[in-house]
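Please walk through the structure below with attention to its charged side-chain pairs and to the way its strands are arranged.

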Amino acid sequence: MKLKGKSVFKYTVNNPTPVQMLLRSRRQEGQSIIREEFSIDPVIPFVEFIDQFGNQCQRAVLPVGDVTITMEAEALVEPGLVPPQPLPAYVPVEQLPDEVMMFLLPSRYCQSDLYEINNLAFEIVGNLDPGYAQVEAIRNWIHQNISYQYNTSSSVTTALDTIYQRVGVCRDFTHLGLALTRSLSIPARMTVGYLDKLEYMDLHAWFDAFVGGKWYTFDAVQAQTHGSRIVIGYGRDAADVAMITQFGNAQLLSLEVTTEEIMD
């Protein structure tokens, strides 16, 4: 199916402010970009580069005044997600590809090496077969036990904080999923992008786990992982996949996100 995603960031800038942006959608298997439009108003120069995760990033210096950054993409994407059968098995660490090893390690917001997180992970998975079934149990536990509420967490909230507070948004749900999954020695990465018909429309976050020799999508915000998605970026946690990272004094006034299924 074809899916369109659009995000509009509006800033007021008090001093010239360098920014790093992650706004362009990924070119990869299962996702073909048909059209993209990226603009900054007022028009200013920017450069592009590929980061360590293969994400397409941009850099610019925002001028003083009101600045609007707009990104719109149309993509041919997979129409929803169906659990694989049979369920993919756990891949022993010694057999993992080199490029996924970084997604086994603890990260800033995902303290997968802590006892509290490891203990909870084993409580959740019980005697399930190692692999996909365990990750799905983690995803479902988060959905059942963490309440989705705006303004209940912050940019410093970690997976351990979410365990104790039991509230958060998609970022927090994802960080907890990452930490619990990694504590079982299953690689897990944070993914950000557009999700069609999202109940709380925003740029969305979910997590992927590497089982059975490939990456599979898990979304703890949903009762069941479903919906068409446009992937923008991958990372270890939110620090790696921030849409716009600023190095100065700029105030985000608003962010408007829309998605639309395009009928042929």
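Glu36 is partly exposed, with a relative accessible area of 22%, a value that lies just outside the buried class because that class ends under 20%. In this predicted model, the side chain of Glu36 meets that of Arg27 in a salt bridge, with 3.1 Å from N to O, and Arg27 is itself partly exposed, at a relative accessible area of 43%. Side chains of opposite charge can pair in this way when their charged atoms come close.

A further pair is made by Arg35 and Glu37, whose side chains form a salt bridge with an N to O distance of 2.6 Å. Arg35 counts as partly exposed at 24% relative accessibility, and Glu37 is likewise partly exposed, with a relative accessible area of 48%. Salt bridges that share partners draw these two residues into one network, which joins Lys4, Lys6, Arg35, Glu37, Glu72, Glu74 and Glu260.

Turning to another salt bridge, Glu48 pairs with Arg24, and the closest N and O atoms are 3.1 Å apart. This pair links distant parts of the chain, since Glu48 belongs to strand 4 while Arg24 sits in the loop between strand 2 and strand 3 (31-41), the two residues being 24 apart. How do the partners stand with respect to solvent accessibility, buried or partly exposed? Glu48 is partly exposed, with a relative accessible area of 41%, whereas Arg24 is buried, with a relative accessible area of 16%. For the model as a whole, the count comes to 13 salt bridges.

Strand 4, which carries Glu48, leads on to the sheet. Four strands form an open sheet in the order 4-5-2-13, and the pairing is antiparallel. Strand 4 (46-50) and strand 13 (244-246) stand at the edges with a single partner strand each, so one side of each is left without a neighbour in the sheet. From one strand to the next the twist averages 25 degrees. Within this sheet, strand 2 (residues 17-21) and strand 5 (residues 56-62) pair in the antiparallel sense over five bridges, and Gln20 stands opposite Arg59 in strand 5.

Strands of a sheet pair through backbone hydrogen bonds, either parallel or antiparallel. Later in the sequence, strand 10 (residues 204-211) offers another case, with partners in strand 9 and strand 11. Six bridges join strand 9 (residues 188-195) to strand 10, and the two run antiparallel; here the bridge partner of Thr191 is Trp206 in strand 10. Strand 10 also pairs with strand 11 (residues 214-218), again in the antiparallel sense, over five bridges, and Asp208 has Thr217 of strand 11 as its bridge partner. The hairpin of strand 10 and strand 11 has two residues between the strands, and in that hairpin Gly212 takes a positive phi near 60 degrees.

Which residues cover each face of strand 10? In a regular strand the side chains alternate between the two faces of the sheet. On one side of strand 10 lie His204, Trp206, Asp208 and Phe210, on the other Ala205, Phe207, Ala209 and Val211, and all of these are buried. Both faces are thus covered, in keeping with the strand's overall state, in which eight of its eight residues are buried. Trp206 and Asp208, the residues met above as bridge partners of Thr191 and Thr217 respectively, therefore belong to the buried class, under 20% relative accessible area.

Conventions
Residues are numbered from 1 along each chain as its sequence is written. This is a predicted model: local features need pLDDT of at least 70, side-chain atom pairs count only at pLDDT 80 or more; totals for chains, interfaces and linings use all residues. Side-chain values use heavy atoms; hydrogens and water are left out. Buried means under 20% relative accessible area, exposed over 50%, partly exposed in between (1.4 Å probe, protein chains only). Two strands pair if DSSP finds at least two bridges between them. Axes are lines fitted to C-alpha atoms, for helices over the stretch in contact, and angles run from 0 to 180 degrees between N-to-C directions. A salt bridge is a side-chain nitrogen of Lys or Arg within 4 Å of a carboxyl oxygen of Asp or Glu.
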